[in-house]
Amino acid sequence: MPLEPLSQKEIEDRLAELPGWSVTENAAGTGASENAAGTGASENAAGTGRSGSVLTRSYRLGSHYAATALVVHVSQVQQELDHHAEITLGYDTVALAVCTHSAGGALTERDFELARRVEELAPGHGAA
């Protein structure tokens, strides 16, 4: 069963429950948008080259080791959900960009479930 894109109202309601997360509109093929970590790389926010909305969040951690541990933990959750974000690991930062490629790059309930799960585990790694 294909995942259905959420309406703008559904996105706003779910976003209100996720402080620190935001939605970015992703312009296809422009190459002008910064990536999720804000590095200015030549990919769009999700690194997909597609248009649509992207759910994003960046975390700052106490060390590179803590940031790496968070990435590993997020990877485990992604495997459980069979849904994967674009993750950018910096020295003491982790940035995520989530959208559902099979829904044309739209946001679905699956994206918000992954974001909720990350929000639950991030404080245990000292993420702010």
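Is Thr108 buried or exposed? Keep that in mind as we walk through this predicted model; we will come back to it at the last stop.

**Stop 1: the sheet.** Select the four strands, which form an open sheet in the order E1-E2-E4-E3, with antiparallel pairing. Now look at the edges: strand E1 (22–26) and strand E3 (86–89) each have a single partner strand, so one side of each is left without a neighbour in the sheet. Turn the view a little, and you can see that neighbouring strands are turned by 25 degrees against each other on average, direction ignored.

**Stop 2: a strand pair.** Next, pick strand E2 (residues 52–60) and strand E4 (residues 93–98), which run antiparallel and are joined by six bridges. To find one of these partnerships, click on Arg60: its bridge partner in E4 is Thr93.

**Stop 3: the helices.** Select helix H2 (residues 64–81), which packs on the sheet and touches E2, E3 and E4. Its direction makes about 165 degrees with that of E3. Then add helix H3 (residues 109–121), which lies across E2 and E4 and runs at about 5 degrees to E2.

**Stop 4: Thr108.** Finally, go to the loop between E4 and H3, where you will find Thr108. Here is the answer to our opening question: Thr108 has 1% relative accessibility, and buried means under 20%, so Thr108 counts as buried. Show what surrounds it: leaving aside residues up to four places away in sequence, Thr108 touches Leu3, Glu4, Pro5, Leu6, Thr100 and Ala103. With Thr100, look at the side chains, which are joined to those of Thr108 by a polar contact of 2.7 Å.

Key
Residues are numbered from 1 along each chain as its sequence is written. This is a predicted model: local features need pLDDT of at least 70, side-chain atom pairs count only at pLDDT 80 or more; totals for chains, interfaces and linings use all residues. Side-chain values use heavy atoms; hydrogens and water are left out. Two strands pair if DSSP finds at least two bridges between them. Helices (H or I, at least four residues) and strands (E, at least two) are DSSP runs, numbered from the N terminus. Axes are lines fitted to C-alpha atoms, for helices over the stretch in contact, and angles run from 0 to 180 degrees between N-to-C directions. Contact means heavy atoms within 4.5 Å. Buried means under 20% relative accessible area, exposed over 50%, partly exposed in between (1.4 Å probe, protein chains only). A polar contact is a pair of N or O atoms within 3.5 Å; within protein, one must be able to donate a hydrogen and the other to accept it, and residues adjacent in sequence count only if both atoms are side-chain atoms.
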